[in-house]
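The following exercises ask the reader to work from a sequence and its model to a reasoned description. Each task is followed by a solution in steps.

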Amino acid sequence: MSRYDFPGKGVASSVAIGYDRPLSTFFVQVMQPHPRIDGEEATYIWKGSTPGELPTAADAIAVATEYADLPKDLGAKLETDRLKTLGTFDGPAQLAAKPFIQASPPPIHTEADAREAGYTRAVLADSTHHTLELLIEPGADLDSIFLAFDRDANEMLHVHGWNFTIEPEAP
């Protein structure tokens with residue numbers, strides 16, 4: 001793994017960019033001052049946390065450019081870091097962890113976008129603690145972990161279907 005840290009600009013207090021070999025992705029972390037804890041930072045943007053999310057150095061640099069002044073040779077450094085890992089293989093801990101890595105939900109923030117992305121089946125998911133109004137894909141396996149759009153929070157969720165009673169939404 002490689003990592004380069006830079007002072008932030010605009011809303012960012014710092015920016016980290018690098019390459020993560022086990023996930024086969026470049027990454028960018030943009031931090032900003034924590035809203036309530038003096039001297040601490042909070043994550044503003046974190047891209048490249050799922051396998052292959054940012055496949056090229058140029059993809060990562062495009063995200064980071066708005067938030068930090070980056071050196072002109074950064075793309076070459078990042079690509080060199082990636083090339084240095086080509087003969088490296090996962091160790092036992094990485095092999096054991098990979099089945100548990102889930103892709104992040106897609107960045108959908110409106111019901112219209114969710115419907116356009118194929119989340120068209122309206123359901124109510126009820127547990128003893130929560131009732132969620134969701135949009136799911138028509139063929140979602142409700143006894144597994146599936147993606148859903150939470151219509152109240154306007155965000156995508158991983159839902160563990162076995163924890164809920166799921167019924168069609170009343171018309």
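The exercises below concern a predicted model and proceed from the whole chain to single residues.

**Exercise 1. Fold outline and overall form**

Determine how many helices and strands the protein chain has, in what pattern they follow one another, and how its radius of gyration relates to the globule rule.

Solution.
1. Counting the elements gives four helices and nine strands in the protein chain.
2. Taken in sequence order, these elements form the pattern β-β-β-β-α-α-α-α-β-β-β-β-β.
3. For 171 residues the globule rule gives 16 Å, whereas the radius of gyration of the protein chain is 20 Å, well over that value; the chain is therefore more spread out than a compact globule.
4. The spans of the C-alpha trace along the principal axes are about 60 × 40 × 30 Å.

**Exercise 2. Burial, surface and charge**

Characterise the protein chain by its buried fraction, its sequence-distant contacts, its accessible surface and its charged side chains.

Solution.
1. Buried residues make up 33% of the 171 in the protein chain.
2. Consider contacts between residues at least 6 apart in sequence: 43% of them join residues at least 24 apart.
3. The accessible surface amounts to about 10300 Å², and carbon and sulfur atoms account for 55% of this surface.
4. There are 13 positive and 26 negative side chains, with 9 Å between the centres of the two sets.

**Exercise 3. Two polar contacts**

Which side chains form polar contacts with those of Ser 14 and Arg 21, and where do Ser 14 and Arg 21 lie?

Solution.
1. Ser 14 belongs to strand β2, which comprises residues 14–20.
2. The side chain of Ser 14 makes a polar contact of 2.9 Å with that of Glu 41.
3. Beyond its neighbours within four places in sequence, Ser 14 has contacts that include Phe 6, Pro 7 and Gly 8, as well as Gln 29, Val 30 and Met 31.
4. Arg 21 lies in the loop between β2 and β3, and the side chain of Arg 21 makes a polar contact of 3.2 Å with that of Gln 94.
5. Residues up to four places away being left out, Arg 21 touches Thr 85, Thr 88, Phe 89, Asp 90 and Gln 94.
6. The relative accessible area of Arg 21 is 13%, so Arg 21 is buried, the cut-off being under 20%.

**Exercise 4. The surroundings of Val 123**

Decide whether Val 123 is buried or exposed, and identify the residues it touches.

Solution.
1. Val 123 is placed in strand β5, residues 121–126.
2. Its relative accessibility is 1%, and Val 123 therefore counts as buried.
3. Glu 133 is 10 residues from Val 123 along the chain, and their C-alpha atoms are 6.1 Å apart.
4. Apart from residues up to four places away in sequence, Val 123 touches Leu 132, Glu 133, Leu 134 and Ile 136, together with Ile 166, Glu 167, Pro 168 and Glu 169.

**Exercise 5. Positive phi in loops**

For Ser 24 and Asn 154, state phi; then give the loop that holds Ser 24 and the loop that holds Asn 154.

Solution.
1. Ser 24, a residue other than glycine, has a positive phi near 50°.
2. Ser 24 sits in the loop between β2 and β3 and is partly exposed, at a relative accessible area of 44%.
3. Asn 154, also not a glycine, has a positive phi near 55°.
4. The loop that holds Asn 154 runs between β7 (145–150) and β8 (155–160).
5. With 35% relative accessibility, Asn 154 counts as partly exposed.

Key
Residues numbered from 1 in each chain as written. Predicted model: local features only at pLDDT ≥ 70, side-chain atom pairs only at ≥ 80, totals over all residues. Heavy atoms only, no water. Helix = DSSP H or I, 4+ residues; strand = E, 2+ residues; numbered from the N terminus. Rg over C-alpha atoms; globule rule 2.2 N^0.38 Å. Buried < 20%, exposed > 50% of the residue type's maximum accessible area, 1.4 Å probe, protein only. Contact = heavy atoms within 4.5 Å. Areas by Shrake-Rupley, 256 points an atom, 1.4 Å probe, with all protein chains shown as cover. Lys, Arg positive; Asp, Glu negative; His and termini not counted. Charge placed at Lys NZ, Arg CZ, Asp CG, Glu CD. Polar contact = N/O pair within 3.5 Å; in protein donor to acceptor, adjacent residues only side chain to side chain.
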